[in-house]
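Biologist: I'm new to this one and would like to learn how to read it. Could you walk me through it, feature by feature?

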Amino acid sequence: MATSKYSNLKEDLEGLRDKHKNIENQIRKLEERILELYTLYSISKTLNLSSQLDELFKETMKILGDVLGIDEYCVMLMYDGELAMKVTHGFVEDVKDVRFRLNEGVSGRVAATGEAVLINDVSRDKDFLYYKGAKKDIGSFISVPLKGHGETIGVLNAHRSEKNAFKKGDLDFFIVVAEDIAVAVEKARLFEKTREDASRDELTKLYNRRVFFDNLSKEIKRSKRYKKIFSVAIMDIDHFKNYNDLNGHLNGDKALMQTARIMEQSLRGEDIVARFGGEEFIMLLPEIDKKKAVLAAEKLRSSIEKAAYIGEELLPGGKFTACFGISTYPEDGEEGLQLIDMADKALYLSKQKGRNRVFSSSDLP
């Protein structure tokens, strides 16, 4: 009788232990789900607030690392038909220049097919390229496509050094995260394009007057602070009204666009060149003194004269040409309008002296 009673108590105790263990498992799963939902909420909130790609990825990657404890992950975006590294977390620096063509490696395959992949042991996958040898210590790997407007715009990758380190639920979670990231990337790209379009001249695609004046103001403050110099150059196309009258406005537009490309090719990357209005252009040349600015303008003048323009034979002299005026900070003024006025006076002098010339404020009487 006593033995039977003891057996019943033992069974009841084991039943309670099983129930307790089951409850613990349910609590753990609930905590994991709450953590996932919190992470998704945090990421979604961050993505909605971000309008620039760099800011967007910086905050999103921080959330993924802090909350999920995944040390290594990256986003690769499509550029010119290839996947290129946009942002990484926990990677060695060597992977930043890694690129994949469509169907190249696992990432390229995910981008091409639009299907997410979970690999528990990358050593068993013949397509896995270890970021082309830039990173070796990868055991398990997740790659999820970023889809925007029906096409794949990139991939979200995550990996750990241990094999079998991800569960099916991790893949499902990353798919949801990737959906939010893709929407935010599309929004950020649209924002950047809109902002870029607003800063460019519609015809020539050079910067507009507003961008030039913004940069001129910044350059004046910088030069005052660090005791630097810079120059301003104004360029005007010679006889452009005649060119339009003789060749038509469509060819006139083509000539302006051709001139804009020559200017971009002739100047340095740090120089700011803008359409000032009509056939007039203006350039900001940081840390360039007057002598070097004249040489740069002379190089540009020569390039324009040597280029072949439609109908240029109808112009006086038979060539499409331009004239220039140069001023320099602080010699010719410490305010933007002073510098522009001095460059404009030098430009007028070059017109008086026969056009197709470069004059600086030093040449003024």
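Modeller: Sure, starting with burial: of the 365 residues in the chain, 44% are buried, where buried means under 20% relative accessible area, exposed over 50%, and partly exposed in between (1.4 Å probe, protein chains only). Keep in mind that this is a predicted model: local features need pLDDT of at least 70, side-chain atom pairs count only at pLDDT 80 or more, and totals for chains, interfaces and linings use all residues. Residues are numbered from 1 along each chain as its sequence is written, and side-chain values use heavy atoms, with hydrogens and water left out.

Biologist: What is the mean pLDDT of the chain?

Modeller: pLDDT is the predictor's confidence in each residue, from 0 to 100. Here the chain's mean is 85, and 80% of its residues reach 70 or more.

Biologist: Where does pLDDT stay under 50?

Modeller: The general idea first: where pLDDT is low, the predicted coordinates should not be read in detail. In this model, pLDDT stays under 50 over residues 37–41, which have nine contacts beyond four places in sequence; contact means heavy atoms within 4.5 Å. Residues 46–51 also stay under 50, with 16 such contacts.

Biologist: How many helices and strands does the chain have?

Modeller: Helices (H or I, at least four residues) and strands (E, at least two) are DSSP runs, numbered from the N terminus. By that count there are nine helices and eleven strands. As for contacts along the chain, among those with a separation of 6 or more, 62% join residues 24 or more positions apart.

Biologist: Now helix packing. At what angle do α6 and α7 pack?

Modeller: Two packed helices are described by the angle between their axes and the distance between the axes. The axes are lines fitted to C-alpha atoms, for helices over the stretch in contact, and angles run from 0 to 180 degrees between N-to-C directions. For helix α6 (residues 240–247) and helix α7 (residues 249–266), the angle is about 135° and the axes are 7 Å apart. The two are therefore oblique to each other; angles under 35 degrees count as roughly parallel, over 145 as roughly antiparallel, 65 to 115 as roughly perpendicular and the rest as oblique.

Biologist: Which residues of α6 and α7 meet?

Modeller: From α6 come F240, Y243, N244 and N247, and they meet H249, N251, G252, A255 and L256 in α7. By class, that contact has four nonpolar, five polar and no charged residues. Ala, Val, Leu, Ile, Met, Phe, Trp, Tyr, Cys and Pro count as nonpolar, Asp, Glu, Lys and Arg as charged, and the others, Gly among them, as polar.

Biologist: Staying with α7, which of its residues are buried?

Modeller: N251, G252, A255, L256, T259, A260, I262, M263 and S266 are. Their cover includes β7 (230–237), α6, β8 (272–277), β9 (280–286) and α8 (290–306). You can check the helix's length too: its 18 residues reach 26 Å from first C-alpha to last, close to the 26 Å expected at 1.5 Å a residue. That expected span is 1.5 Å times one less than the number of residues.

Biologist: And how do α5 and α9 pack?

Modeller: Helix α5 (residues 209–226) and α9 pack at about 110°, with axes 10 Å apart, and are therefore roughly perpendicular to each other. F212, F213, L216 and I220 of α5 make the contact with G336, L337 and I340 of α9. Those residues divide into six nonpolar, one polar and no charged.

Biologist: What about the backbone: which peptide bond is cis?

Modeller: Most residues other than glycine have a negative phi, and most peptide bonds are trans. In this model, the bond from Y329 to P330 is cis, with omega near 0°. P330 sits in the loop between β10 (322–329) and α9 (336–352). For positive phi in a residue other than glycine, look at E287, near 55°, and N356, near 50°. E287 is in the loop between β9 and α8, and N356 in the loop between α9 and β11 (358–360).

Biologist: Is S199 buried or exposed?

Modeller: S199 has 9% relative accessibility, so it counts as buried. This residue is in the loop between α4 and α5. Not counting residues up to four places away in sequence, S199 touches L206, Y207, N208, R210 and V211.
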